[in-house]
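Subject: Structure handover

Hello,

Here is the structure I promised you. Please open it alongside this message. My notes follow below.

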Amino acid sequence: MLGREWGKERLTMPSNTQEAVSHEPLEQRKVSVKAKPTASKEWIYRSISVGSLLIAFVLWWLVSEEKWVNSLFLPSPHVVWTAFTDIVHEGYKGQSLLIHIATSMRRLFLALALAFVTAVPLGILCGRYRWLRAIFDPFIEFYRPLPPLAYYTLLILWFGITDVSKVILLFLGAFAPLFITAVFSVQRLSKDRINGAKSLGASGWRMYVFVIFPSVLPELLTGLRTAVGVSYATLVAAEMVAAVSGVGWMVLDASKFLRSDIMYLGIIIMALIAIAIDLIIRSLIRRVSPWVEQ
């Protein structure tokens with residue numbers, strides 16, 4: 001009896017339900033079939049990147065070992081590695097390598113922190129209120145295209161050759177990208193979301209803290225990534241003028257004595273630090289907004 005009724009139910013089952021039941025394993029198979037080529041392609045791209053690095057390293061080693069280029073312009077990887085071990089054990093000009101790296105990172109992160117806590121709130125407010133943006137926009141657009149070194153000499157005159165002038169220079173470099181990102185991300189924010197939050201009782205600072213800021217946070221992290229790039233490039237320029245420590249200063253000081261091995265070492269260290277910082281920010285972006293492709 002039960003088997004007969006069950007058979008009737010199967011016969012009277014709506015066609016769309018049958019399709020849903022019958023297509024569910026097929027969709028899962030489609031997803032799994034699509035996922036495998038994506039993962040394999042990712043490994044292919046990574047392998048190509050690693051292969052290009054290995055080829056560049058082999059070319060560097062071959063050109064330097066065979067003396068095709070003067071060692072003053074292109075020292076061998078072995079010479080650069082020897083300079084690295086010497087600086088790790090003995091330091092450079094009375095300070096260890098970690099001190100030089102820590103000095104550069106302290107200047108960079110202090111400027112980025114100041115820029116984030118000032119540019120983001122101001123940019124959000126300027127994105128919400130057009131009259132406020134009209135006040136600050138001319139100043140941002142005035143100094144944003146200027147090369148940092150163009151006004152760095154003025155900062156040295158005003159604040160001296162201490163770290164204050166360097167931090168302010170990095171702060172100005174990071175402020176404009178963060179400010180512009182905050183303004184335009186707020187302007188692109190859906191009005192339905194704002195109105196929905198207002199209908200649920202959100203107002204005042206709670207609207208900014210719990211609705212607007214989380215909504216624009218992925219774009220802000222992308223702007224932070226751009227700001228880090230601008231500030232990092234400015235950091236090297238800042239340490240090349242009136243500095244006695246830092247990785248950028250180490251490269252400049254080594255150039256005065258034609259120590260190309262230390263110059264290459266400093267450039268490689270700066271590049272590795274920049275890659276590490278970028279990877280950290282990209283991981284933050286993936287955690288905050290996993291739907292954004294990186």
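Which residues form one aromatic cluster with Trp60? The answer is Phe57 and Tyr264. Please keep in mind that this is a predicted model.

**Aromatic pairs**

The structure holds 8 aromatic pairs. Here are two of them.

Phe57 and Trp60 form an edge-to-face pair. Their ring centres are 6.1 Å apart, with 85 degrees between the planes. Planes over 60 degrees apart count as edge-to-face, so 85 degrees qualifies. Both residues sit in helix H2, which covers residues 15–65. They are 3 residues apart there, so about one helical turn separates them. Are these two residues buried or partly exposed? Phe57 is partly exposed, at 43% relative accessibility. Trp60 is buried, at 18%. The cut-off for buried is under 20%, which is why Trp60 falls on that side and Phe57 does not.

Phe175 and Phe179 make a stacked pair. The centres are 6.0 Å apart and the planes differ by 10 degrees. Planes under 30 degrees apart count as stacked, so this pair fits that class. Both residues belong to helix H7, residues 163–187. They are 4 residues apart, about one turn of the helix. Phe175 is buried, with a relative accessible area of 9%. Phe179 is buried too, at 1%.

**Helix packing around H4**

Two packed helices are described by the angle between their axes and the distance between the axes. Helix H4 spans residues 97–128. I looked at its packing with H9 and with H5.

Take H9 to begin with. This helix runs over residues 205–239. Its axis and that of H4 come within 8 Å and cross at roughly 140 degrees. That makes H4 oblique to H9, because only angles over 145 degrees count as roughly antiparallel. The crossing is right-handed. On the H4 side, the contact residues include Ser104, Met105, Leu112, Phe116 and Arg128. On the H9 side, they include Tyr208, Phe213, Leu220, Tyr232 and Glu239. By class, the contact of H4 with H9 has 17 nonpolar, 2 polar and 3 charged residues.

Now H5, residues 130–143. H4 and H5 pack at an angle of about 125 degrees. Their axes are 5 Å apart. H4 and H5 are therefore oblique to each other. Their crossing is left-handed. H4 contributes Leu122, Leu125, Cys126 and Arg128 to this contact. H5 contributes Arg130, Leu132, Arg133 and Phe136. The contact of H4 with H5 divides into 5 nonpolar and 3 charged residues, with no polar ones.

Arg128 of H4 appears in the contact with H9 and in the contact with H5. Leu125 of H4 is also listed for H9 and for H5.

**A loop residue**

Where is Gln95 found? It is in the loop between helix H3 (77–90) and H4. Gln95 is partly exposed, with a relative accessible area of 29%. Leaving aside residues up to four places away in sequence, Gln95 touches His100, Val244 and Ser245. Gly246 is 151 residues from Gln95 along the chain. The C-alpha atoms of Gln95 and Gly246 are separated by 9.7 Å.

Best wishes

How values were computed
Residues are numbered from 1 along each chain as its sequence is written. This is a predicted model: local features need pLDDT of at least 70, side-chain atom pairs count only at pLDDT 80 or more; totals for chains, interfaces and linings use all residues. Side-chain values use heavy atoms; hydrogens and water are left out. Axes are lines fitted to C-alpha atoms, for helices over the stretch in contact, and angles run from 0 to 180 degrees between N-to-C directions. Helices (H or I, at least four residues) and strands (E, at least two) are DSSP runs, numbered from the N terminus. Angles under 35 degrees count as roughly parallel, over 145 as roughly antiparallel, 65 to 115 as roughly perpendicular and the rest as oblique. A crossing is left-handed if the near helix is turned anticlockwise from the far one by less than a right angle, and right-handed if clockwise. Contact means heavy atoms within 4.5 Å. Ala, Val, Leu, Ile, Met, Phe, Trp, Tyr, Cys and Pro count as nonpolar, Asp, Glu, Lys and Arg as charged, and the others, Gly among them, as polar. Buried means under 20% relative accessible area, exposed over 50%, partly exposed in between (1.4 Å probe, protein chains only). Rings of Phe, Tyr and Trp (its six-membered ring) pair if their centres lie within 6.5 Å; planes under 30 degrees apart count as stacked, over 60 as edge-to-face and the rest as tilted.
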